[in-house]
Amino acid sequence: MKAIILQQPGNVDQLKIIEIAEPIIKPDEVLVEVKAISINPIDAKTRAGNGIYQRIKDQSPLILGWDISGIVVESKSNKFKNGDEVFGMLEFPKVGNAYAEYVAAPASQLALKPASISYEEAAASTLAPLTVWQAMTQNAQVQSGQKVLIHAAAGGVGHYAVQIAKYLGAFVTGTSSEVNRDFVLQLGADAHIDYHAYDWEGNRAYFDLVFDTVGPDNIEKSLLAVKEGGTIISIASGISEEFAEKSKSKGINAMFMLVHPSGEDMDVIASLLKNKQVIPHIYKTFPFAEMAAAHQLIESSRTVGKIVICL
Ligand SMILES: NC(=O)c1ccc[n+]([C@@H]2O[C@H](COP(=O)([O-])OP(=O)(O)OC[C@H]3O[C@@H](n4cnc5c(N)ncnc54)[C@H](OP(=O)(O)O)[C@@H]3O)[C@@H](O)[C@H]2O)c1
C-alpha cells in the first residue's frame, strides 16, 4: 500500500510517499481502507518538529495523521464487520498512522458513518468536532441560555464549535475577520466580533464560556471577555500557572484541554451529522499525492472550515 512517512521533522519536503506492507490488525481492531483524511494544524506543527513530535519521535520515521473515514475490509472486533463505513480520530496524541491507504484502527475509536454524508465530510468531522464536544460537555457543561464566545469561529474547530454550542442551547458569539462574518452568522452564531477591530478592554466581561482556539497571544482577551464564575477553555496552547492563578483570583476557571479518541463521542457526532444539527464545511480537498500542499495551506491559518485529502 501507499503511505506517507515523515522522514525527519522539517518542511513539507520531509513528507514522502512510499510503498509498505498493509498493517496487521490486533484483537479489537479493524482494517480500514481509507477514503478520506482530514488535515489539522497539529499535523503541520508535528511535521515541523513541534506539536506532539517530542511525544512520538521514538517511532520515527512516522506516519502522521489521525482523522480518517473509510470502509472496514477486515475485522477482529464485534463492533464492525466488513463493508461497514466508518470514521474517527485514531490514537491521538499517539501515532495515528492515518496517511496511508489502509489503517489498523481500534474499533473503540470509530463510529459508523451516516449514509447521508460523504467520506470527505466524515473525515472532516473527527478531531475537530470531537474536541468541541468533549470541551463543551465534559470539560465544561454548556447549558441552555449560557453565553459562549468562540474565537476563530470560521476555522476547522471553530465552525463546529458554533454549531455545537448552538445545539446545546447557548447564545453564541463568534470571532473572525470581517471577510468571514457572514459565514460565521450562517453557521448559526447569534453575534459576531471582528477580532481585528474589537475593543476587548472597553467591553464588559460578559461570557460564561470562552472557547479559545487561538493561543498565547489571545488568552488575555479571553480573560477580559469571561465573567466572574465563568470558564476559559484553551485548546491551542497550555495555560501557564501564572495565568491560571490570575484567572482564579478573578473567580474564573481557566483550563487547557486535549482531545482524546472516543467511539462513544464519535457516535454522538454521527448523530448530529445525520440530523443535520452539524454541517461540515470543506474549504479544499487535495489528492493523496498533494499532502505537502495541504500542509502548506493549513499553515496559512486563513482557511475556512476543513482541509481534506481524498484517496
Ligand atoms: N487541544 C486540542 O485538543 C486541540 C484540538 C484541535 C485543535 N487544536 C488547536 O486549535 C487551534 C485551531 O485549530 P483549527 O483546526 O480551528 O485551525 P484552523 O482551521 O487553521 O483555523 C483557521 C482560522 O483561524 C482564524 N484565525 C487566525 N488567526 C486568528 C486570530 N489571531 N484570532 C482569531 N482567529 C484567528 C482564521 O480566521 P479569519 O481568517 O477569519 O481571521 C481562520 O479561519 C490550532 O492551534 C490547533 O492545533 C487543539
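# A quick tour of a 311-residue chain

Take the contacts in the protein chain between residues at least 6 apart in sequence: 65% of them join residues at least 24 apart. Keep in mind that you're looking at a predicted model. The chain holds 10 helices and 15 strands, and 53% of its 311 residues are buried. Below we go from the whole chain to one pair of helices, then to some single residues.

**The whole chain**

- If you lay a box along the principal axes, the C-alpha atoms of the protein chain fill roughly 60 × 40 × 35 Å.
- A compact globule of 311 residues would have a radius of gyration near 19 Å, and the protein chain comes out at 19 Å, so the two agree.
- For a sense of distance inside the chain, pick Asn50 and Lys246: they sit 196 residues apart along the chain, and 27 Å separates their C-alpha atoms.

**Where helix 4 meets helix 5**

- Helix 4 covers residues 127-139 and helix 5 covers residues 158-167; their axes come within 9 Å and cross at roughly 40 degrees.
- That angle makes helix 4 oblique to helix 5, because oblique here takes in angles that are neither under 35 degrees nor in the 65 to 115 range nor over 145.
- As for handedness, the crossing of helix 4 and helix 5 is right-handed.
- On the helix 4 side, the residues in the contact are Ala128, Pro129, Val132, Trp133 and Met136. Across from them, helix 5 brings Tyr160, Ala161, Ile164, Ala165 and Tyr167.
- Sort the residues in this contact by class and you get 10 nonpolar, no polar and no charged ones.

**More on helix 5**

- Helix 5 is mostly covered, with 8 of its 10 residues buried.
- Want to find the buried ones in helix 5? They are Gly158, His159, Tyr160, Ala161, Val162, Gln163, Ile164 and Ala165.
- Some names turn up twice: Tyr160, Ala161, Ile164 and Ala165 are among the helix 5 residues that meet helix 4, and they are also on the buried list.
- Look just after helix 5 and you'll find Gly169, which takes a positive phi of about 95 degrees.

**Two buried residues and their neighbours**

- Gln134 is part of helix 4. Its relative accessible area is 0%, so it counts as buried.
- Leaving out residues up to four places away in sequence, Gln134 touches Asn139, Met257, Val259, His260, Ser262 and Asp265.
- Thr231 sits in strand 12, which runs over residues 226-234. With 14% relative accessibility it counts as buried, because the cut-off for buried is under 20%.
- Again leaving out residues up to four places away in sequence, Thr231 touches Asp208, Leu209, Val210, Val226, Asn253 and Met255.

**Cis peptide bonds**

- Ser60 and Pro61 are joined by a cis peptide bond, with omega at about -5 degrees. Pro61 lies in the loop between helix 2 and strand 4 (67-75).
- Phe92 and Pro93 are joined by a cis peptide bond too, with omega at about 10 degrees. You'll find Pro93 in the loop between strand 5 (85-89) and strand 6 (102-106).

**Positive phi without a glycine**

- Asp28 isn't a glycine, yet it has a positive phi of about 70 degrees. Its spot is the loop between strand 2 (15-19) and strand 3 (29-39).
- Is Asp28 buried or exposed? Its relative accessibility is 55%, so it counts as exposed.
- Ala152 isn't a glycine either, and its phi is positive at about 55 degrees. The loop between strand 8 (147-150) and helix 5 is where Ala152 is placed.
- At 27% relative accessibility, Ala152 counts as partly exposed.

**A loop residue to look up**

- Asn50 is placed in the loop between helix 1 (41-47) and helix 2 (53-56).
- With a relative accessible area of 49%, Asn50 is partly exposed, because exposed would need over 50%.

How values were computed: Residues are numbered from 1 along each chain as its sequence is written. This is a predicted model: local features need pLDDT of at least 70, side-chain atom pairs count only at pLDDT 80 or more; totals for chains, interfaces and linings use all residues. Side-chain values use heavy atoms; hydrogens and water are left out. Axes are lines fitted to C-alpha atoms, for helices over the stretch in contact, and angles run from 0 to 180 degrees between N-to-C directions. Helices (H or I, at least four residues) and strands (E, at least two) are DSSP runs, numbered from the N terminus. A crossing is left-handed if the near helix is turned anticlockwise from the far one by less than a right angle, and right-handed if clockwise. Contact means heavy atoms within 4.5 Å. Ala, Val, Leu, Ile, Met, Phe, Trp, Tyr, Cys and Pro count as nonpolar, Asp, Glu, Lys and Arg as charged, and the others, Gly among them, as polar. The radius of gyration is taken over C-alpha atoms; the globule rule is 2.2 Å times the number of residues to the power 0.38. Buried means under 20% relative accessible area, exposed over 50%, partly exposed in between (1.4 Å probe, protein chains only).
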